[in-house]
Amino acid sequence: MNKPITIADFSQHLFWDVDLDGFDFNQHKNFFIQRVLEYGKMKDWKLIKELYGMEAIKIAALNARSLDAVTLSFVSTIFQIDKTEFRCYKHRQLFPNLWNS
């Protein structure tokens with residue numbers, strides 16, 4: 001029988017800035033998924049797949065305001081969705097960074 005997944009199962013570096021005492025997986029689902037996608041290890045990826053399922057991860061990724069370029073490429077490939085469909089891609093196009101053009 002599998003033990004329930006807890007915050008302690010995830011890499012400690014993911015939540016260095018979060019008070020984990022009152023952390024709720026469901027209430028903070030989108031934040032949690034985005035943080036794991038951008039900074040997590042493969043172990044963390046497997047845990048969020050088990051915890052939320054691929055559909056919830058896809059929805060969170062599609063609606064994220066920001067994802068770095070590598071993460072965007074990863075989720076775009078995994079879900080076979082064009083990068084232009086992601087909110088973070090559209091948001092980035094609205095506010096181009098003039099210093100890195």
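Which residue forms a salt bridge with Asp17? In this predicted model, the partner of Asp17 is Arg35, and the closest N and O atoms of the two are 3.0 Å apart. Because Asp17 lies in the segment before H1 and Arg35 in helix H1, the pair ties together parts that are 18 residues apart in sequence. The structure holds three salt bridges, and the points below take these up together with the nonpolar core and a surface patch.

**Salt bridges**
- Within the Asp17 and Arg35 pair, Asp17 is partly exposed at 41% relative accessible area, whereas Arg35 is buried at 13%.
- Lys3 and Asp9 form another salt bridge, with 3.0 Å between the closest N and O atoms, and Lys3 is exposed, having a relative accessible area of 58%.
- In helix H3, Lys58 and Glu55 are three residues apart and therefore separated by about one helical turn; their side chains meet in a salt bridge at 3.6 Å, N to O.
- Lys58 counts as partly exposed at 23% relative accessibility, and Glu55 is likewise partly exposed at 46%.

**Nonpolar core**
- The largest nonpolar core has 26 residues, and those with the most contacts inside it are Phe10, Phe32, Leu37 and Ile48.
- Helices H1 (29-39), H2 (42-52), H3 (54-63) and H4 (69-79) are the elements that give two or more residues to this core.
- Leaving aside residues up to four places away in sequence, Phe10 touches residues including Phe15, Phe25, Phe32, Val36, Leu47 and Ile48, as well as the charged-type side chains' residues Lys43 and Asp44.

**Surface patch**
- Met54, Phe74 and Ile78 form a nonpolar patch on the surface, with about 230 Å² of accessible area together.
- Met54, which is found in helix H3, counts as partly exposed at 35% relative accessibility.

Methods. Residues numbered from 1 in each chain as written. Predicted model: local features only at pLDDT ≥ 70, side-chain atom pairs only at ≥ 80, totals over all residues. Heavy atoms only, no water. Core = buried A, V, L, I, M, F, W, Y, C linked by side-chain atoms within 4.5 Å. Buried < 20%, exposed > 50% of the residue type's maximum accessible area, 1.4 Å probe, protein only. Helix = DSSP H or I, 4+ residues; strand = E, 2+ residues; numbered from the N terminus. Contact = heavy atoms within 4.5 Å. Patch = residues over 30% accessible without salt bridge, like charges linked within 9 Å, V, L, I, M, F, W, Y side chains within 5 Å. Areas by Shrake-Rupley, 256 points an atom, 1.4 Å probe, with all protein chains shown as cover. Salt bridge = Lys/Arg side-chain N within 4 Å of Asp/Glu carboxyl O.
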